[in-house]
Amino acid sequence: MADEKKSKQRHRTMVLESMYPVLALMLILVACVELCDAATVVDVYRLIQYDISGVPFGSRFSSLNHHAASISFQRGADLSRSVLILPLRELDIGFVQEYISQKQSLGGLLILLPQTFRPGNVGGGNLISETEGFRKLLAQLEKILVHGNIPFPVYFAFENEETDAMLADVKKNDALGQQATATTGGYKLVISVSEPRKVASPTITNIQGWLPGSRAEGDSNQLPTIAVVASYDTFGAAPALSVGSDSNGSGVVALLEVARLFSILFSNPKTRGRYNLLFALTSGGPYNYEGTQKWLKSLDQRMRESIDYAICLNSVGSWDNELLVHVSKPPDNAYIKQIFEGFSNVAEDLGFQVALKHKKINISNLRVAWEHEQFSRLRVTAATLSELSTPPELLESAGSLSDTRQLMSEDAIIKGVKLVAESLARHIYGHQGKDIKIFADDSSLAVNPFYVRSWLDLLSQTPRVAPFLSKNEPLIMALKKELEDYTAEVSVQHESLDGSFTFYDSTKASLNIYQVASVTFDLLLLLVLGSYLIVLFSFLVITTRGLDDLISLFRRPPSRKVKMA
């Protein structure tokens, strides 16, 4: 009796053991149903998130886990469980405004940009023409996104074969009215990142270089100083894409080349001028030129009082025939007249024009429109040289997504460098009004197009939104080293950004795109597989152990009382 019991128990154990491979196979198949669709990974760039005096702006969320949808649906459709894929080529500004301003439900927004807007992309003639067509549209979109309080994740990505194929499929299904859901299948977009956190103690960094002039023998008076200044940081809808090739990469490139040229002149005691030259790369430009203000206040009072005038360079990389000289003091001011006449004479010799634009400062208004206004507020004569006729609004046109390399003109920057360098040289050496070209093209003091192009390329690939730059950022170190090569007494100043601005991290992520089948299909497939496996298992047990063993697996075991009996 005991042997019979042991035999049955052994048989049952063997049958159960034979089930393990089958169960493992079933689990693998079930997993395949869910995961068999390969994921495409795409780099995406998050819309900026920030606060001004506690008021929230930008996108307030970062995680995504919804099905993809296109703009094929009617306006007002409930897309609370969908990520709307919106190519810039098909942008409907009204549609975006409706979902943002009226707080309509949307699971997320993915904006696809043409490859021409990728940082560092030089492009050809056709690409430049295409970019010009989209630039204004993108500027409108950025304005809406940056100044809105958006209660869903917003990301930017660049068009490629994978995104184009996905969008074509999504449009096809949406056109049939089959919005992607768990039951209908489609594409699922997933971004798994932690919720954004405040950037702790964001800093702005100023870099200053000094070229000392030559004193006359026995002269103990302090030499006058001319300052050349450019703000190097940017602000745009996506911090990880805001390279600001023109605003203000072009100004930085022009300043570096002017510094290089004068370092050659000042390296020889015979050609060293009786002026000091002060070069400053400032940060905080988009935030009321806060870095410029703090840098000026950090200067020794005697140094500040020695500044004859300052020239600020802002957006000089995309113009044809005319540059503007923006000033705060009245045009009939003697110093302003002198500066403007110097620029006008040089511009005429170079074959283009400059025009004077006067804008009075409202001291009671904290908004600083141009960089030179920070000088003017401290009673230092200054002007801004720019292609822009009007100052950009706060946090606008300061390195937007459309401000990229392919729209820059190296010739425009070179002309700007010649204008500044020749004007300064004529003023320093007393050659005002004379047709003298110190930086002639065929001389050792000629502007170096390769140098201009190299720095423009580097800046056009480097996002420079100040709160996301560390004190030891490679770009900051590179700018410092460059000034060290051409100037003396280079110093770096770190300051805290105005506390009214709060920024949040999580600026870049990876988007996983899954093509998933519908739940109905999954359930049907599972049912078919399950039935097949049950039949297969039954067949194996019957052929190897017999029908009785199969039945015993499902037979209810005898109660304890029966066993005792």
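Student: How much space lies in the second largest pocket?
Tutor: This is a predicted model, where local features need pLDDT of at least 70 and side-chain atom pairs pLDDT 80 or more, while totals for chains, interfaces and linings use all residues. Residues are numbered from 1 along each chain as its sequence is written, and side-chain values use heavy atoms, without hydrogens and water. A pocket is an open set of points on a 1 Å grid over the protein atoms alone, where a 1.4 Å probe fits, with protein on both sides within 12 Å along at least five of seven lines. Counting the space filled by probe spheres set on the points, joined across faces, edges and corners, the second largest pocket holds about 660 Å³.

Student: Which residues lie nearest the centre of the second largest pocket?
Tutor: Lining residues have an atom within 4 Å of a point. Of the 28 that line this pocket, those nearest its centre are R135, A139, S397, S400 and S402.

Student: Which element gives the largest share of that lining?
Tutor: Helices here are DSSP runs (H or I, at least four residues), numbered from the N terminus. Two of them, α3 (125-146) and α5 (245-266), are the elements giving two or more residues to the lining. The largest share, seven residues, comes from α3.

Student: Which residues touch the most other members of the largest nonpolar core?
Tutor: Such a core joins buried (under 20% relative accessible area, 1.4 Å probe, protein chains only) Ala, Val, Leu, Ile, Met, Phe, Trp, Tyr and Cys residues through side-chain atoms within 4.5 Å. Of its 65 residues, the ones touching the most other members are F262 and L281.

Student: And which element gives the most to this core?
Tutor: Happily, we have met this helix already. With 11 residues, the element giving the most is α5.

Definitions and conventions: Buried < 20%, exposed > 50% of the residue type's maximum accessible area, 1.4 Å probe, protein only.
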